[in-house]
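Reader: I'd love a close look at one part of this model, and then a walk outward from there to whatever else is worth seeing. Could you take me through it in one go?

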Amino acid sequence: MEKAILQPRFKDSQHFKDFWSKGNGKQLTEFSGAEVSFRDFEKFAPYFYHVDEIGDEVVKDVYLTKKFSEGSKEIEGYIRNGVSENDNVPESVKKLFSQTQHVPEWLDYDLLKSGAELCMRSNLDSLISLRDYCLIGGYDYAYLNKPLIVTEALKKGAVKRLSETLDFWVNATRYNALEIHAKGYEFAIKTRLIHSYARLSIKKHYKEWDTENWGEPINSWDMMATYIGFSLVFLHSLKKLGNTFSTEEEKGLFHLWKYVGYLLGIPENLLPGDKKQATEYFYLWTSVQPPADKDSALLAHSLLNESLENPILKFKFQRKNLRYLHICCTWFLLDDEVCRRLQIPDVPNRNLFPNTKIIINKIYDNLVNRNARIKRGNKAQLKVLEDYLRVTKNSNFH
């Protein structure tokens with residue numbers, strides 16, 4: 001953290017002011033009761049130049065000393081069997097697993113369960129929220145997307161990228177998923193090391209990386225913002241789509257992502273515990289991010305056109321219709337200025353589908369009991385994941 005303290009450089013920019021005075025930022029403030037200000041800016045700003053050094057050391061010791069596939073197998077063994085102080089493994093591996101195998105005192109398994117239940121109970125609305133608000137909304141922050149651009153994520157394609165996000169999210173949000181050695185825990189460790197691997201590759205191969213302006217690649221502050229996407233933004237999206245949730249479920253969702261963030265090596269003081277704190281943290285972070293650039297628009301279009309490329313639906317008219325529905329949801333969930341910056345195409349009757357969804361959710365809420373909704377939502381989400389994993393095995397999406 002030797003860098004000079006960053007300034008809230010875009011706080012007087014139109015995009016920042018509009019977002020927080022009349023756009024989704026204003027809605028988030030009203031939704032959360034947040035009191036936004038720059039009072040704590042200097043506490044958070046150094047994390048723009050801070051990274052997960054433990055993860056980076058493991059990548060250097062494990063992945064960069066052998067073939068990638070061998071390194072992955074080795075890590076899987078550590079995840080499955082655990083690592084103790086006396087094991088004959090690199091010091092960095094001991095450090096990583098000593099942190100992730102240590103259950104923090106604040107962890108509450110009942111809250112993890114409530115958070116998982118909200119994710120499952122919200123059925124396909126969860127997946128709409130992730131895709132049409134959290135992911136595409138994140139593309140509006142130009143510097144946040146730089147690692148995606150320089151690692152050529154656009155060439156990899158949106159189907160593969162969406163499949164990976166879905167795989168991680170579904171596996172992290174099931175019952176007992178985050179217990180040590182369980183599937184969600186495994187995904188968190190692997191994702192953490194993929195981030196480190198990508199960061200080290202960028203630093204080695206991409207000499208034009210502008211650390212001063214863009215921060216370190218995949219830095220801790222950007223990671224905080226990403227996980228606020230999975231908690232605060234996701235929750236706000238569910239509400240906009242007409243879903244209701246209890247105080248316990250809301251607390252549970254933040255608790256679940258706080259623990260996932262902990263496993264991913266995000267410093268604990270960056271992990272918000274509730275929607276008020278999350279909005280206040282998010283406000284500070286957005287002040288250092290410029291609005292969408294041409295790369296942002298390319299990422300957004302790649303995601304929108306994923307529906308046309310993806311062979312899960314057999315017929316062309318079905319795929320075109322699905323793309324139309326996602327565009328409607330994007331316009332409904334994001335504010336108009338963000339949609340225009342990302343060049344989201346305008347479509348006729350764009351509020352019809354989201355408004356119908358809200359009415360159906362209200363009826364469904366009253367007619368179907370909670371446990372049945374959790375079961376049904378879990379099944380529907382697993383089916384979508386299964387379909388994505390099946391199509392990405394196809395060589396076109398490698």
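Author: Let's start at Val-288, which, leaving aside neighbours within four places in sequence, is in contact with Leu-6, Gln-7, Pro-8, Arg-9, Phe-10, Phe-41, Phe-48, Tyr-143 and Trp-221. Please keep in mind that this is a predicted model. Val-288 sits in the loop between H16 and H17. Is this loop residue buried or exposed? With 0% relative accessibility, Val-288 counts as buried. If you would like a distance for orientation, Val-288 and Ile-358 are 70 residues apart in sequence, and their C-alpha atoms are 35 Å apart in space.

Some of those names come back at Asn-213. Not counting residues up to four places away in sequence, Asn-213 touches Arg-9, Phe-48 and Tyr-143, and Val-288 lists Arg-9, Phe-48 and Tyr-143 among its contacts too. Asn-213 belongs to helix H13, residues 211-214. Its relative accessibility is 31%, so Asn-213 counts as partly exposed, while Val-288 is buried at 0%. From Asn-213 to Arg-390 there are 177 residues in sequence and 40 Å in space, C-alpha to C-alpha.

The loop that holds Val-288 runs between H16 and H17, so to speak a signpost to two places. Let's follow H17 to begin with. Helix H17 (residues 294-309) meets helix H11 (residues 158-172), with axes that come within 8 Å and cross at roughly 90°. The two helices, H11 and H17, are therefore roughly perpendicular to each other. On the H11 side the contact is made by Ala-158, Val-159, Arg-161 and Leu-162, and on the H17 side by Leu-299, Ser-302, Leu-303, Glu-306 and Glu-309. Sorted by class, the contact of H11 with H17 has five nonpolar residues, one polar and three charged.

Past H11 comes a loop that leads to helix H12 (183-205), and Asn-176 is in that loop. Asn-176 has a positive phi of about 55° although it is not a glycine. Most residues other than glycine have a negative phi. Asn-176 is exposed, with a relative accessible area of 55%. Another asparagine makes a good companion: Asn-123, in helix H8, has a phi near 50°, again a positive value in a residue other than glycine. Asn-123, however, counts as buried, at 16% relative accessibility.

Now for the other signpost, H16. Helix H16 (275-286) is part of what covers the buried residues of H2, and that cover also includes helix H1 (14-21), helix H8 (123-138), helix H14 (220-240) and helix H18 (316-333). Which residues of H2 are buried? In helix H2 (residues 24-32) they are Asn-24, Gly-25, Leu-28, Thr-29, Phe-31 and Ser-32. Seen down the axis of H2, these buried residues fall within an arc of 165°, so they line one face of the helix. As general background, an α-helix has 3.6 residues a turn, so residues three or four places apart point the same way. After H2 comes Gly-33, with a positive phi near 70°.

One of the covering helices, H14, packs on H2 at an angle of about 90°, with the axes 11 Å apart. That angle makes H2 roughly perpendicular to H14. Asn-24, Gln-27, Leu-28 and Phe-31 of H2 make this contact with Leu-232, Leu-235, His-236, Lys-239 and Lys-240 of H14. By class, the contact of H2 with H14 has four nonpolar, three polar and two charged residues.

Helix H18 brings us to Leu-333. Leu-333 is buried, with a relative accessible area of 0%. Not counting residues up to four places away in sequence, Leu-333 touches Asn-24, Ile-128, Asp-132, Tyr-133, Ser-237, Lys-240 and Leu-241. Among these, Asn-24 and Lys-240 also take part in the contact between H2 and H14. Leu-333 and Leu-241 are 92 residues apart along the chain, and their C-alpha atoms are separated by 8.4 Å.

Finally, a point for the bench: how many disulfides does the structure hold? The number is zero. The sulfur of Cys-119 has its closest cysteine sulfur in Cys-134, 10 Å away, which is too far for a bond. For Cys-339, the closest cysteine sulfur is in Cys-328, at 11 Å, also too far for a bond. Cys-119 counts as buried at 0% relative accessibility, and Cys-339 counts as buried at 0% as well.

Terms used. Residues numbered from 1 in each chain as written. Predicted model: local features only at pLDDT ≥ 70, side-chain atom pairs only at ≥ 80, totals over all residues. Heavy atoms only, no water. Buried < 20%, exposed > 50% of the residue type's maximum accessible area, 1.4 Å probe, protein only. Helix = DSSP H or I, 4+ residues; strand = E, 2+ residues; numbered from the N terminus. Arc of directions from axis to C-beta. Contact = heavy atoms within 4.5 Å. Axes fitted to C-alpha atoms, helices over the stretch in contact; angles between N-to-C directions. Parallel < 35°, antiparallel > 145°, perpendicular 65-115°, else oblique. Nonpolar A, V, L, I, M, F, W, Y, C, P; charged D, E, K, R; others polar. Disulfide = S-S within 2.5 Å.
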